[in-house]
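Please examine the sequence and the structure shown below. The explanation that follows them is intended to be read with both in view.

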Amino acid sequence: MSEASGTRQSALIQVEQLTRVFFVGGEEVRALRGISFGVTRGEWVAIIGQSGSGKSTLMNVLGCLDTPTSGRYLLNGKDVSRMDDDDLAVIRNVEIGFIFQTFQLLPRETALANVELPLVYRGVPARERRERAKAALDKVQLTHRMHHRPNELSGGQRQRVAIARALVSEPSMLLADEPTGNLDSATGEEIVRLFEQLHKAGHTLVLVTHEPKLAARCPRAIRLSDGEVVADGPGREVALGTGAGVAAVTGGA
Amino acid sequence: MSFRQGFRVDVLEGGRIALFSLRANRMRTVLTTLGIGIGVATLLAIVGIIQGLNTSFHNQLATLGANTLYVSKFPWVFRGDWWLFRNRKNFTLDQVARIRAQAPFISAMSPAVQRVSDVARGDAQVSSVRITGVLEEYLAVSGYEVASGRFLTTSDDEVTRPVAVLGAEVASSLFPGISPLGQTVRVDGRPFQVVGTLAKKGKVVEENLDLVVLVPFRTFYASFGKGRPMQIAIAVEDAGRVKQYEDQLVGIVRRVRGTPADQPDDFSINKPDTLAQTYEQLTRALYGVAVGVGLITLLVGGIGIMNIMLVSVRERTREIGVRRALGARRRTIVLQFLMEAASVSAVGGLLGTVVGLGTAKVISLITPLAADVRPETVFSGVAFAAVVGLLFGIWPAARAANLDPVEALRYE
């Protein structure tokens, strides 16, 4: 299976035997214990698991905020598992659009300036930056609020600004960490619909969540438990535990 | 993204964020600035005043003449036993003539002998005037200029004529509004006829050169006794070769005075340089202490900056995490905080410069101290403050850059 997916042109993410070991107070904590899977371009995948399952660690590794202890991580054809800090910063800037549970907008900057930020670090000239940031805000229907600061926006609006910020640099994938966790259900629904639109438009989405209902709406879900992949299949079946067709994946294939 | 372009982005963005954050925390910025400002102000005021002292001292010394040597039995500056020098034999006029004859490099030469007396004209009187007995060439050696009448001549000396040339201040005090020429002044009751006056010359190290009355050398001896030691002022032809002439002069004077070969010199050759060196030794120590105090103040200011920057890093931990997640490299973060620290310091430096210069100026107005502030001092004040900011910003900036992005994003 890995052979087949490895040769596929459109494989965007390919992780093989990923492990991540922390040392906490002299004790070894194995947060990831040999994880392998692939994500093709244009897929919408949920990574689901209880707290402590290793999903946050996996998200940090997938987001190039952290490096694995062993194993390989190919992102868009590049082996990012052994890159140094500076190169990872560039990868984060170019390949990944982050969407956080707590939005993580800079409080003193306007919505527009927040959206421009990834382009600043890419060295895009100011005028082009502004145009592209406006276009991104337009995709989330927030151009009318672009000169407001985060504290003048509602939670849903803040998350839309964050999504615009993730979209503006046209990354290979959007990486969302509990994107509806700080929103009421109506606003959460609004954000999920936005994800559906983005998925239809061809964006690759990786969504990390502990909510089965949210994962169930994704075409595919991967369930983690104790640092291992315990299920990988259609979102509904993996998230809600229905159906017998879920591939149980343990260790390597 | 090329490295150069990356660096440009880092600097531009770093500078923008720095300004932004300075504006956002005005009160804190002002207080931090104050610390550095006081340090720079102290340093500049002290340096300005000392430079002023130096300049005025050197200007005064210049009036003594760079090509002039002063030979006498006393050195101008000495440590140890005064009576050792006092016991040296006095120079005589005969020795003066023989030195002159043997030293072709001397362009002008005159012995000078002095006492301090009151000078009177009728009821008017000037106190503490230096009555100086000199020869004709004294005019050339001393740098005085004749303002009216004539200078003393060799014939005045030979016949011990009771004539006098008045210093500018003596003339203006005793003869306000009228010409002193042909008039009589009394020194300790003895009458002298005024034949000339000198142009104003100013002060050298608190010594008023215009409070002087010049009389012929032998007249001085005849009037006030021969016991006083003379100082011989010698102008040489070429100021650039003073050192060489000085060495030759030592040999000539030893021969003339018959100093035995196994004995040290029984006279001293003095130069304005000697005074300058002594002065510099004195002020260098003062300078060192003063600059040390200023530096300590700056150090305290720098620690203030470091403290504030550490607070700033802590406050903005999440911001740092976000920036790192969005693609900021470590050095971008480092630059951001370094520029923030440096700009706070530079603003402080500028403020301190203004205050320091003002202080120096005020001190020079209300005290006799002269302040002299040079452009390079101002520049170095600001630059120095910025460097202090950079140095004390390094640690906080490094801490910011070394934050783990994952931890930073999670920071509450």
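The paragraphs below treat chain A, then chain B, and finally the contact between the two chains.

The model under discussion is predicted. In chain A, a convenient starting point is the open sheet of four strands, whose order is β2-β1-β4-β5 and whose pairing is antiparallel. Its edge strands are β2 (27-40) and β5 (78-79) of chain A, each of which pairs on one side only. Strands of a sheet pair through backbone hydrogen bonds, either parallel or antiparallel. Within this sheet, strand β1 (residues 11-24) of chain A runs antiparallel to strand β4 (residues 70-75) of chain A, and five bridges join them. To locate this pairing in the model, one may begin at E16(A), whose bridge partner in β4(A) is R72(A).

Strand β4 of chain A also contains Y73(A). Is Y73(A) buried or exposed? Y73(A) has 21 other C-beta atoms within 10 Å, and a residue counts as buried if 20 or more lie within that distance; Y73(A) is therefore buried. Leaving aside residues up to four places away in sequence, Y73(A) touches V15(A), L18(A), V61(A), P68(A), V80(A) and S81(A). A further relation links Y73(A) with G38(A): the two are 35 residues apart in sequence, and their C-alpha atoms are 9.8 Å apart in space.

Attention now turns to a pair of helices in chain A. Two packed helices are described by the angle between their axes and the distance between the axes. Helix α6 (residues 155-168) of chain A packs with helix α7 (residues 185-200) of chain A at an angle of about 20°, and their axes are 9 Å apart. Angles under 35 degrees count as roughly parallel, so α6(A) and α7(A) are roughly parallel to each other. The crossing of α6(A) and α7(A) is right-handed. Which residues meet where these helices pack? From α6(A) come G155(A), G156(A), Q159(A) and I163(A), and from α7(A) come T187(A), E190(A), I191(A) and L194(A). By class, this contact of α6(A) with α7(A) has three nonpolar, four polar and one charged residues.

Chain B has 14 helices and twelve strands. Of its 412 residues, 41% count as buried. Among contacts in chain B with a separation of 6 or more, 83% are between residues 24 or more positions apart.

Strand β2 (residues 106-121) of chain B offers a route through part of this chain. Nine bridges join β2(B) to strand β3 (residues 124-134) of chain B, and the two run antiparallel. R115(B) stands opposite I131(B) in β3(B). These strands form a hairpin with two residues between them, and G122(B) in the turn has a positive phi of about 60°. Strand β2(B) is also joined by six bridges to strand β11 (residues 231-236) of chain B, again antiparallel; here P111(B) has I232(B) as its bridge partner. Two bridges join β2(B) to strand β6 (residues 184-187) of chain B, which runs antiparallel to it, and V119(B) has V187(B) as its bridge partner in β6(B).

The final topic is the contact between the chains. How many residues does each chain give? The contact takes 19 residues from chain A and 21 residues from chain B. On the side of chain A that touches chain B, the elements giving two or more residues are α3 (85-95) and α4 (111-122) of chain A. Of the elements on this side, α3(A) gives the most, with six residues. The residues of this side of chain A divide into nine nonpolar, four polar and six charged.

Technical notes: Residues are numbered from 1 along each chain as its sequence is written. Chains are lettered from A and ligands numbered from 1 in the order in which they are written. This is a predicted model: local features need pLDDT of at least 70, side-chain atom pairs count only at pLDDT 80 or more; totals for chains, interfaces and linings use all residues. Two residues are in contact if their C-beta atoms, placed from the backbone, lie within 7 Å. Ala, Val, Leu, Ile, Met, Phe, Trp, Tyr, Cys and Pro count as nonpolar, Asp, Glu, Lys and Arg as charged, and the others, Gly among them, as polar. Two strands pair if DSSP finds at least two bridges between them. A residue is buried if 20 or more other C-beta atoms lie within 10 Å of its own, exposed if 12 or fewer, and partly exposed in between; C-beta atoms are placed from the backbone. Axes are lines fitted to C-alpha atoms, for helices over the stretch in contact, and angles run from 0 to 180 degrees between N-to-C directions. Angles under 35 degrees count as roughly parallel, over 145 as roughly antiparallel, 65 to 115 as roughly perpendicular and the rest as oblique. A crossing is left-handed if the near helix is turned anticlockwise from the far one by less than a right angle, and right-handed if clockwise.
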